[in-house]
Amino acid sequence: LSSLSGLTHESHKKDVEQVYLRCSEGSIEWMYPTGALIVNLRPNTSPASYKHLTVCIKPFKDSAGANIYLEKTGELKLLVRDGDRSPSKVYCFGYDQGGLFIEATPQQDISRKITGFQYELMNKGIAADLHTVSAPCRPCSDTEVLLAVCTSDFVIRGSIQDVTNEAEEQESIIHVGVNKLYRQKSKVFQLTGESGNWRGQIKTLLECGVKPGDGDFLFTGRMHFGEARLGCAPRFKDFQRMYKEAKDKGLNPCEIGPD
């Protein structure tokens, strides 16, 4: 978390301050914004890999007091307008498309304003998976499922306990009961209650029309701004079939116990 305050240079309302961030994910919080910030993302990776990176930002729900631009060689492109209240909206752009320029908007009382957002740097392929525009709800092919098992941030066998639809955010929350945990990058799925059952939540697009149903699924996906996002999710019996077929042919990209 990088936290800054405009009160430190309020007498210089046209000041432009440079901020350098080395982490691949984190957040910026600018209290009482005045002047402008240039946010330089400098991850601890080889500069040769920068062209393969995508930057995503997710403004805080109550972020206010500044416009956020994409800046390259002096040209500004508006990303987030001050006061835009699009809940949970994520803005992504290629690392080589420019940096972030955050300009405070004129305020009568800056003490009531805080501009802030989370950011993530990721491989362009992963970003495309998370923000795909074409057919985001289509079923995965056998090859895609087997690859997802090897590369996803979480892989679990479980059932759909309930689905909560959030119309405002155009998302569905899948409440999952976990029967077997193969992998998780973050502790999204945890033991809950006296029953000692593993449970967790996975988000997906509302348009995919997920509904509670019987049977087990293999849930895979990515972590994105601290939330589990659904990737491939075949019925578990279908995954067992495709895994066995691939293993018999020596074509499974990684080993995982399908039982």
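Helices here are DSSP runs of H or I at least four residues long, and strands are E runs of at least two, numbered from the N terminus. Counted that way, the chain in this predicted model has three helices and 16 strands. Of its 259 residues, 39% count as buried. The accessible surface adds up to about 14400 Å², and carbon and sulfur atoms account for 49% of that area. As for how the chain meets itself, take the contacts between residues at least 6 apart in sequence: 67% of these join residues at least 24 apart.

One part of the strand set is an open sheet. Five strands make it up, in the order E2-E4-E9-E6-E7, with mixed pairing. At the edges sit strand E2 (16–21) and strand E7 (75–80), each of which pairs on one side only. From one strand to the next, the twist averages 30 degrees. In general, the strands of a sheet pair through backbone hydrogen bonds, in either a parallel or an antiparallel way. Strand E6 (residues 66–72) goes the antiparallel way with E7, over five bridges. Within this pairing, Ile-68 has Val-80 of E7 as its bridge partner.

Now for a single residue, Lys-58, which belongs to strand E5 (residues 53–59). Is this lysine, Lys-58, buried or exposed? Its relative accessibility is 13%, so Lys-58 counts as buried, the cut-off being under 20%. Setting aside neighbours within four places in sequence, Lys-58 touches a run of residues made up of Ser-88, Lys-89 and Val-90, along with Phe-117 and Gln-118, and also Phe-225 and Glu-227.

Definitions and conventions. Residues are numbered from 1 along each chain as its sequence is written. This is a predicted model: local features need pLDDT of at least 70, side-chain atom pairs count only at pLDDT 80 or more; totals for chains, interfaces and linings use all residues. Side-chain values use heavy atoms; hydrogens and water are left out. Buried means under 20% relative accessible area, exposed over 50%, partly exposed in between (1.4 Å probe, protein chains only). Contact means heavy atoms within 4.5 Å. Accessible areas come from the Shrake-Rupley method with a 1.4 Å probe; for residues, only the protein chains shown count as cover. Two strands pair if DSSP finds at least two bridges between them. Axes are lines fitted to C-alpha atoms, for helices over the stretch in contact, and angles run from 0 to 180 degrees between N-to-C directions.
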